[in-house]
Amino acid sequence: MTDTSDEPVAVILAGGQGSRLWPISRDRAPKQFQPVVRDRPLLTGTIERLSELVDPSRIHVSTRARFADAARANLGPVPAENLILEEDPAGPATAFALSIATLAHRYGNAPALIAPSDHLINEEEAFNAASRDMLAQLAATPQSMVVLGAEPTRFDSSLGYIHTSGGDDAVQVIESFHEKPDPDVVDELAESGNLYWNTACYGVRVGQACDAYRTALPLIFDSIERFARSEHTGDQGYRGAAIGGHEIYPLMWAGMECLVVPRQLGWTDVGTWVRLERVLHDQRVTSIGPALQLDAEDTLVASMDGRPVVTLGARGLIVVTHEDAVYVLDKQKALDTPTLERLRSLLAASTREDLL
């Protein structure tokens, strides 16, 4: 432990594969390192946003060891030594716990903001105000976990929901979490309280969070803490025991009070083709990168390497260019996860696994 001040710290979770947005998001260059929106990588935008709240020297990025070079290329003012690495894709719960253990080792019981790398915030002033409210809440109730909730603008079965007992309070007690519920569940919950989208932006005191992990998962968290305290060098990542399930469940099991700061944020998880297209439509753009489409219908073009793409009469397609390949997909088939996975399996079994 090198610092015990109350100055906030932050960690950005950037280890996901983003397979639902393949081939924009590829194995060696997932979406968080790509200029998917606003002509800058998603990770870069997240760092810039958090730098308004936390000194960049105290911002950390959690990712996989194989993505270390891609992460370093997008760190900006964040020191390269602030990478927190895993060897294998152990899931968000393990990354969350490893990040908490690392922050506690370095900063003591500091207040921390934990945020995904691949979300889009259109109302950044509202996000910053909400984040400051989360930090203020941690000062008032250091034993609690605080979640940033976005007021839903539509039903989305691929998102997580937060349910509270109701009211208009600036901070509300969470009754339950619901990951990807069906419409009937959402309607029933809405009748008995308030519902918010779970933005996966969290606030905790890292010392208290470590105590909760020790209570809920003592053996696994001991392995994680030992790695966090070790003097590992280079791009060596954690490869020990993993934590399954949702990242916040161990904190709930240990009895931490869960609170939500609800806001209107213009928030989007850019994780699926449907949500990406909605973002592009809202920004009044028809493609990612340089493209000219004539007489096109229901076609998304993404030039990830900057080459101009020209289409004529394209119907129902996704066209993606990288520096080493061009992908042309039927949109409906690309939206069908089993079909897309079959194509990826064929590539994995061929001599062109590099195209994954």
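This passage describes one sheet with its packing helix, and the internal cavities, of a predicted model.

The sheet is open and consists of four strands, arranged in the order 12-14-16-17 with mixed pairing. Strand 12 (287-288) and strand 17 (325-330) occupy the edges; each has a single partner strand, so one side of each is left without a neighbour in the sheet. Strand 12 runs parallel to strand 14 (residues 300-303), and the two are joined by two bridges. S287 has V301 of strand 14 as its bridge partner. Helix 9 (residues 273-282) packs on this sheet, where it touches strand 12, strand 14 and strand 16 (317-322). The direction of helix 9 makes an angle of about 85 degrees with that of strand 14.

Empty space inside the model was examined next. Rolling a probe the size of a water molecule over the atoms shows where such space is left. Three cavities of 30 Å³ or more were counted, and the largest cavity has a volume of about 60 Å³. Its lining is formed by V37, R38, R40, P41, L42, G45, R49, H119, L120, I121 and E124. Helix 1 (42-50) and strand 5 (119-121) each contribute at least two residues to the lining of the largest cavity. Sorted by class, this lining comprises five nonpolar, two polar and four charged residues. Among the residues that line the largest cavity are R38, R40, R49 and E124, which count as charged. G45 and H119 also belong to the lining, and both count as polar.

Notes. Residues are numbered from 1 along each chain as its sequence is written. This is a predicted model: local features need pLDDT of at least 70, side-chain atom pairs count only at pLDDT 80 or more; totals for chains, interfaces and linings use all residues. Side-chain values use heavy atoms; hydrogens and water are left out. Two strands pair if DSSP finds at least two bridges between them. Contact means heavy atoms within 4.5 Å. Axes are lines fitted to C-alpha atoms, for helices over the stretch in contact, and angles run from 0 to 180 degrees between N-to-C directions. On a 1 Å grid over the protein atoms alone, a cavity is a set of points where a 1.4 Å probe fits but cannot get out, and a pocket is an open set with protein on both sides within 12 Å along at least five of seven lines; lining residues have an atom within 4 Å of a point. Grid points are joined across faces, edges and corners, and a volume is the space filled by probe spheres set on the points.
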